[in-house]
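Please open the model in a viewer and keep the sequence panel at hand. The tour proceeds by selections, each followed by an account of what is found there.

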Amino acid sequence: MNQYTKNTRMNPESDNDELTIDLTEVIGALLKKAHIIILTGIIVALLAFIGTKLFITPMYTAETKVYVLSKSEGSTGISATDLQAGSYLIKDYTELVKSRTVMEQVIAVLNLDVKPEELMEMISVEAATDSRILTIKVESDDPKQAKEIADAVREAVSVQITEIMDADAVNTVEKADLPSEPSSPNTMKNTMLGGILGIILAMGVVVLISILDDTIKTPDDVERYLGLNTLTSIPIAEGAKKNKKAKGLSARQFTKTMNR
């Protein structure tokens with residue numbers, strides 16, 4: 001039997017009482033309360049599902065892609081050097097996408113009632129490794145607005161990259177599509193996490209109650225907690241009224257009563 005024992009002060013009269021945690025009993029308590037644990041997980045999962053649906057605003061993401069083309073001066077074609085140089089400049093292009101100049105142009109074109117800083121928070125830029133394709137993503141609670149902002153950003157940044165970075169051209173790879181499904185929140189993920197959290201919390205409560213419960217319920221408990229051998233036990237007749245004072249008697253209370 002695996003046991004973990006630690007010394008603890010249980011009352012002023014006993015300085016070295018021991019609290020013994022029986023892993024077998026803990027596992028048994030978990031199995032006995034399995035239905036409550038599962039029910040708790042289902043309830044918390046249901047609450048997470050309802051909370052996600054009612055209190056979290058769905059967000060939609062629209063994305064557009066551009067390809068930055070830069071040629072060496074006097075060159076009639078694209079060389080390997082051009083491709084390598086373009087890859088190195090991707091970080092610069094990314095910074096230009098979220099520059100204040102681009103944000104202000106987009107706000108002016110679409111007549112948006114937001115500040116440039118707020119618009120920046122809605123935009124993210126991704127660039128694949130060893131690629132000159134920029135993916136611009138815009139997240140909004142309005143799918144139509146997300147699409148319009150993505151296209152406006154693409155057009156504004158194309159002008160900025162061409163003028164400031166002296167690129168040959170910024171070609172559109174993909175225009176933004178109108179999002180049909182929200183990109184967040186993930187209802188299924190939140191529901192599963194809620195269920196798992198509910199089960200963990202319920203198991204923790206059951207284990208805590210099992211560890212702290214030192215009431216004497218069986219003759220074996222008398223020998224375990226008090227070190228006394230029981231000669232016999234008197235069964236309580238069905239329907240008999242139990243003594244309220246004796247109900248839930250703990251090992252400490254029983255010891256104090258015997259000492260009197």
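The stops below run from the whole chain to its cores, its charged pairs and a surface patch.

**Whole chain, coloured by confidence**

Begin with the entire protein chain, which is a predicted model. Its mean pLDDT is 79, and 68% of the residues score at least 70. The secondary structure consists of 10 helices and six strands. Of the 260 residues, 28% count as buried. The chain exposes about 17,800 Å², of which carbon and sulfur atoms supply 56%. Among contacts between residues at least 6 apart in sequence, 67% join residues at least 24 apart.

Where is confidence lowest, and where is it highest? Select strand β1 (residues 3–7) for the lowest mean, 41, and then helix α2 (residues 34–55) for the highest, 96. Extending the first selection to residues 1–17 covers a stretch in which pLDDT stays under 50. For these residues the model has 29 contacts beyond four places in sequence.

**The largest nonpolar core**

Next, select Val106, Leu119, Leu134 and Ile161. Within the largest nonpolar core, which has 30 residues, these four touch the most other members. The elements giving two or more residues to this core are β3, α4 (90–97), α5 (100–110), α6 (116–122), β4, β5 and α7. Helix α7 provides the largest share, eight residues. In soluble globular proteins, nonpolar side chains tend to be buried together.

Centre the view on Val106 and display its surroundings. Leaving aside residues up to four places away in sequence, Val106 touches Asn111, Leu112, Leu119, Ile149, Ala152, Val153 and Ala156. A separate core of six residues lies apart from the largest one; Val26, Leu30, Ile37 and Ala202 are among its members.

**Lys137 and its two partners**

Turn now to charged side chains. Side chains of opposite charge can pair when their charged atoms come close. The model contains seven salt bridges by the distance rule applied here.

Select Lys137 together with Glu63 and Glu126. The salt bridge from Lys137 to Glu63 has its closest N and O atoms 4.0 Å apart. This pair links distant parts of the chain, with Lys137 in strand β5 (residues 133–140) and Glu63 in strand β3 (residues 60–69), 74 residues apart. Lys137 also forms a salt bridge with Glu126, for which the closest N and O atoms are 3.4 Å apart. Here the link runs from strand β5 to strand β4 (residues 123–127), and the two residues are 11 apart.

Are these side chains buried or exposed? Lys137 is partly exposed because its relative accessible area, 22%, falls between the limits of 20% and 50%. Glu63 is likewise partly exposed, at 31% relative accessibility, and Glu126 is partly exposed at 42%.

**Thr135, on the strand of Lys137**

Select Thr135, which also lies in strand β5. Its relative accessible area is 12%, under the 20% limit, so Thr135 counts as buried. Which residues does Thr135 touch, not counting those up to four places away in sequence? They are Glu63, Thr64, Lys65, Ser124, Val125 and Glu126.

**A charged network on helix α7**

Move to Lys147 and Asp151. Their side chains meet in a salt bridge with an N to O distance of 3.1 Å. Both residues belong to helix α7 (residues 143–164); because they are four residues apart, about one helical turn separates them. Lys147 is partly exposed at 28% relative accessibility, whereas Asp151 is buried at 13%. Add Arg154 and Glu155 to the selection: salt bridges that share partners join Lys147, Asp151, Arg154 and Glu155 into one network.

**A nonpolar patch on the surface**

For the final stop, show the molecular surface and select Leu46, Phe49, Ile50, Leu54, Phe55 and Ile56. Together these residues make a nonpolar surface patch of about 620 Å². Leu46 is found in helix α2, the element in which confidence is highest. With 49% relative accessibility, Leu46 counts as partly exposed, because the exposed class requires over 50%.

Terms used
Residues are numbered from 1 along each chain as its sequence is written. This is a predicted model: local features need pLDDT of at least 70, side-chain atom pairs count only at pLDDT 80 or more; totals for chains, interfaces and linings use all residues. Side-chain values use heavy atoms; hydrogens and water are left out. Buried means under 20% relative accessible area, exposed over 50%, partly exposed in between (1.4 Å probe, protein chains only). Contact means heavy atoms within 4.5 Å. pLDDT is the predictor's confidence in each residue, from 0 to 100. Patches are made of residues with over 30% relative accessible area and no salt bridge: like charges are joined within 9 Å, nonpolar side chains (Val, Leu, Ile, Met, Phe, Trp, Tyr) within 5 Å. Accessible areas come from the Shrake-Rupley method with a 1.4 Å probe; for residues, only the protein chains shown count as cover. A nonpolar core is a set of buried Ala, Val, Leu, Ile, Met, Phe, Trp, Tyr and Cys residues joined through side-chain atoms within 4.5 Å.
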